[in-house]
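Student: I have a new model open and want to learn how to read its features. Can we go through them one at a time?
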Amino acid sequence: MGQVRSAAPADVPAILDLIHQLAVYEKEPDAVRNTESMLHEHLFGDHPRVFCHVIDDVVDGVVQVVGIAIWFETYSTWEGVHGIWLEDLFVIPQMRGTGYGKKLLLHLAQLAVERGYSRYEWTVLDWNTPSIEFYESLGAVAKTGWTNYRLDGDALRHAAQR
């Protein structure tokens, strides 16, 4: 138990459940539109462009997925190599403090180094002090001088019609 592994198709319901739990934690409980079939296609379809690593442990006598790291590749035009973008890192509350988040995060760092990638990035909500302290304890630093922008919803549709 407690070993990082690549997600398998049978993990999709558990992964989606943890995505929903993360949305609740991030104060966006109704924001998840993803479905098991969509997630399965994106992770395990003919051309996957998103990846997931998980950690299992025993909870209430049952082995289950207790942590996820969902990521995809990025590309640096300046350096000419790929990187990893960590989209979601989540460990269920009763398993926090076990080192599982750290194992997931460091597993992807090792994967990036093995593949010759130049960077490993993610975002964190400004109010999420426990996560910020955790990331900084591993040597991660906040990127300053950059502001994230997003087009979505009506603004995205409007921009596409221009």
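Tutor: Start with burial. D56 has a relative accessible area of 14%, so the residue counts as buried, the cut-off being under 20%. Keep in mind that this is a predicted model.

Student: Where is D56 found?

Tutor: D56 is found in strand β2. That strand covers residues 51-59.

Student: Which residues does D56 touch, not counting residues up to four places away in sequence?

Tutor: The list is M1, G2, Q3, R5, V63, Q64, V65 and V66. Pick out R5 from it. The side chains of D56 and R5 make a polar contact at 2.7 Å.

Student: How do I read that pair as a salt bridge?

Tutor: Look at the closest N and O atoms. In the salt bridge between D56 and R5 they are 2.7 Å apart. The pair links distant parts of the chain, with D56 in strand β2 and R5 in strand β1 (residues 4-6), 51 residues apart.

Student: Is R5 buried or partly exposed?

Tutor: R5 is partly exposed, at 27% relative accessibility. D56 is buried.

Student: Which other residue forms a salt bridge with R5?

Tutor: D11 does, and the closest N and O atoms are 2.7 Å apart. D11 has 9% relative accessibility, so D11 counts as buried.

Student: How many salt bridges does the count come to?

Tutor: The count is 5. One of them pairs D154 with R157, with the closest N and O atoms 2.8 Å apart. Salt bridges that share partners join R5, D11 and D56 into one network.

Student: Why are D154 and R157 separated by about one helical turn?

Tutor: Because they are 3 residues apart in helix α5, which spans residues 153-160. Check exposure as well. D154 and R157 are both exposed.

Student: Next, the nonpolar core. Which residues of the largest core touch the most other members?

Tutor: They are I15, C52, I68, I84 and L108. The core holds 36 residues. Then ask which elements build it. Those that give two or more residues are α1 (12-25), α2 (36-44), β2, β3, β4 (81-91) and α3 (100-114).

Student: Take I15. What is it in contact with, leaving aside its neighbours within four places in sequence?

Tutor: I15 is in contact with A7, L39, L43, C52, V54, I68 and I70. Two names on that list, C52 and I68, also appear among the core residues that touch the most other members.

Student: How should I read a polar residue that is buried?

Tutor: Check its burial, then its polar partners. H53 lies in strand β2. At 8% relative accessibility, H53 counts as buried.

Student: With which side chains does the side chain of H53 make a polar contact?

Tutor: There are two to note. One contact is with the side chain of S6, at 3.5 Å. Another is with the side chain of W71, at 3.2 Å.

Student: And which residues is H53 in contact with, leaving aside its neighbours within four places in sequence?

Tutor: V4, R5, S6, A7, G67, I68, A69, W71, L104, H107, L108 and L111. Note that I68 and L108 are on this list. They were named for the core too.

Student: I see H107 there. How far apart are D56 and H107 in space?

Tutor: Their C-alpha atoms are separated by 15 Å. Along the chain they are 51 residues apart. Read sequence separation and spatial distance as two separate numbers.

Student: Now S76. Where is its place?

Tutor: S76 is in strand β3, which covers residues 62-76. S76 has a relative accessible area of 4%, so this residue is buried.

Student: What does the side chain of S76 lie 3.0 Å from?

Tutor: A polar atom of that side chain lies 3.0 Å from the backbone nitrogen of E79. Leaving aside neighbours within four places in sequence, S76 is in contact with V81, S118 and R119.

Student: How far is S76 from V50?

Tutor: C-alpha to C-alpha, they are 18 Å apart in space. In sequence they are 26 residues apart.

Student: Last, the surface. Which residues make the nonpolar surface patch?

Tutor: M1, V58 and V63 make a patch of about 280 Å². V63 lies in strand β3. M1 and V63 also turn up in the list of residues that D56 touches.

Notes. Residues numbered from 1 in each chain as written. Predicted model: local features only at pLDDT ≥ 70, side-chain atom pairs only at ≥ 80, totals over all residues. Heavy atoms only, no water. Helix = DSSP H or I, 4+ residues; strand = E, 2+ residues; numbered from the N terminus. Buried < 20%, exposed > 50% of the residue type's maximum accessible area, 1.4 Å probe, protein only. Contact = heavy atoms within 4.5 Å. Polar contact = N/O pair within 3.5 Å; in protein donor to acceptor, adjacent residues only side chain to side chain. Patch = residues over 30% accessible without salt bridge, like charges linked within 9 Å, V, L, I, M, F, W, Y side chains within 5 Å. Areas by Shrake-Rupley, 256 points an atom, 1.4 Å probe, with all protein chains shown as cover. Salt bridge = Lys/Arg side-chain N within 4 Å of Asp/Glu carboxyl O. Core = buried A, V, L, I, M, F, W, Y, C linked by side-chain atoms within 4.5 Å.
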